[in-house]
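Me: I am new to this structure and should like to learn how its features are read. May we begin with the way two helices pack?

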Amino acid sequence: MTTATPPPDAAGPDTTVAVKDVFGIDSPLTIRAFREPTTYVPEADPAYRFQPDVTLALLAGFARNRRVLVQGLHGTGKSSHVEQVAARLNWPCIRVNLDGHLSRLDLIGRDAVVLRDGQQVTEFREGIVPWALRRPMALVLDEYDAGRPDVMFVLQRMLESDGKLTLLDRNEVVAPHPAFRLFATANTVGLGNLNGLYHGAQRLNHAQIDRWHIVAALDHLPAAEEAAIVRSRVPAYGDERGRAMVDAMVAVAALTREGFRAGDLSTLMSPRTVITWAENTELFGDPAPAFRLSFLNKCDEAERPLVAEYFQRCFDRELPESHRLTATAGAATAAGEPAA
């Protein structure tokens with residue numbers, strides 16, 4: 001077998017930045033970065049809020065070539081976190097969404113019929129993994145726990161210290177570029193769909209999970225920071241009345257998350273949903289119908305009265321769904337049963 005070398009024009013980081021200056025984290029660390037962005041560098045979001053522990057874990061991945069897996073509930077901003085760190089470092093970054101239909105050929109490559117000098121010939125077209133491996137690129141494997149277990153073994157050797165990849169179709173061993181980095185995001189930690197929330201999540205081989213150097217857990221932001229993000233996305237809520245409304249929206253979202261953790265709800269409001277709710281409120285002029293269209297209608301019908309109660313607590317307004325909870329409690333009491 002032959003060993004492939006990176007493209008000659010694939011230069012690595014050419015400057016150094018201070019973590020404290022770039023990310024606002026009280027740390028003396030410095031990290032290598034790129035002076036100029038390229039096509040593959042994500043666009044920086046000035047409103048993004050970094051969570052220090054997860055950010056430092058990702059920076060360790062960029063600085064020391066650590067394989068980092070970010071795990072957390074949906075809507076916590078796992079993929080965005082990796083992208084926004086890459087954006088600040090001008091580090092090229094590309095995301096691959098894993099799903100049950102992704103095959104080994106999609107990742108590694110396949111033979112394709114092409115037209116050359118008027119003749120049809122067969123040539124090997126490499127997949128996204130060897131393409132990224134040869135370049136100064138941060139490859140993010142999104143929904144890592146949704147990939148088929150047999151396909152995930154393709155990545156087994158890449159997770160080892162040397163990170164090489166063997167292309168059996170070409171009898172070639174691809175050595176990674178010195179600035180290649182590998183990250184992944186997942187809703188679970190490879191144990192499958194234990195709570196029934198993430199249908200399609202797979203149980204992953206423990207030997208492969210063990211190869212990830214760092215596993216970072218990402219949770220929702222504090223209420224004040226989440227509200228600041230919502231207001232930055234919907235500038236119309238910048239006045240005092242708008243700030244109070246956004247605070248109430250974030251409070252409703254926090255209650256749904258508490259209800260989810262307690263087992264009272266089967267779904268929760270993500271920051272993305274709160275932003276959508278705020279946008280729809282601006283559109284409809286009323287947070288109540290906007291709430292129903294943005295989140296309430298996504299909930300199980302039996303859980304809607306409880307969600308409506310959360311809305312009532314934070315907005316001091318009743319939704320029609322809240323009366324169903326009262327009616328259900330009254331019927332249970334009349335029948336001699338304990339109220340829910």
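Reply: Certainly; please note that the model is predicted. The crossing of H8 and H9 is right-handed. In this contact, the residues comprise 6 nonpolar and 5 charged, with no polar ones.

Me: At what angle do H8 and H9 pack, and how far apart are their axes?

Reply: The angle is about 125 degrees, and the axes of H8 and helix H9 (residues 240-262) lie 9 Å apart. An angle between 115 and 145 degrees counts as oblique, and H8 and H9 are therefore oblique to each other.

Me: Which residues of H8 and H9 meet?

Reply: From H8 come Ala 223, Glu 226, Ala 227, Val 230 and Arg 231. Their counterparts in H9 are Arg 243, Val 246, Asp 247, Val 250, Ala 253 and Arg 257.

Me: How does one find empty space in a model?

Reply: A probe the size of a water molecule is rolled over the atoms, which shows where empty space is left. Here, the largest pocket has a volume of about 600 Å³.

Me: How many residues line the largest pocket, and which lie nearest its centre?

Reply: The lining has 26 residues, and Gly 75, Thr 76, Gly 77, Ser 80 and Arg 272 are those nearest the centre. By type, the lining comprises 12 polar, 8 charged and 6 nonpolar residues.

Me: Which helices supply at least two residues of that lining?

Reply: Helix H3 (78-89), helix H8 (223-233) and helix H10 (271-284) each do so. H3 gives the most, with 5 residues. H8 thus appears in both topics, as it lines the largest pocket and also packs with H9.

Methods. Residues numbered from 1 in each chain as written. Predicted model: local features only at pLDDT ≥ 70, side-chain atom pairs only at ≥ 80, totals over all residues. Heavy atoms only, no water. 1 Å grid on protein atoms, 1.4 Å probe; cavity = no way out; pocket = protein on both sides within 12 Å on 5 of 7 lines; lining within 4 Å. Points joined across faces, edges and corners; volume = space filled by probe spheres on them. Helix = DSSP H or I, 4+ residues; strand = E, 2+ residues; numbered from the N terminus. Nonpolar A, V, L, I, M, F, W, Y, C, P; charged D, E, K, R; others polar. Axes fitted to C-alpha atoms, helices over the stretch in contact; angles between N-to-C directions. Parallel < 35°, antiparallel > 145°, perpendicular 65-115°, else oblique. Left-handed = near helix turned anticlockwise from the far one by under 90°. Contact = heavy atoms within 4.5 Å.
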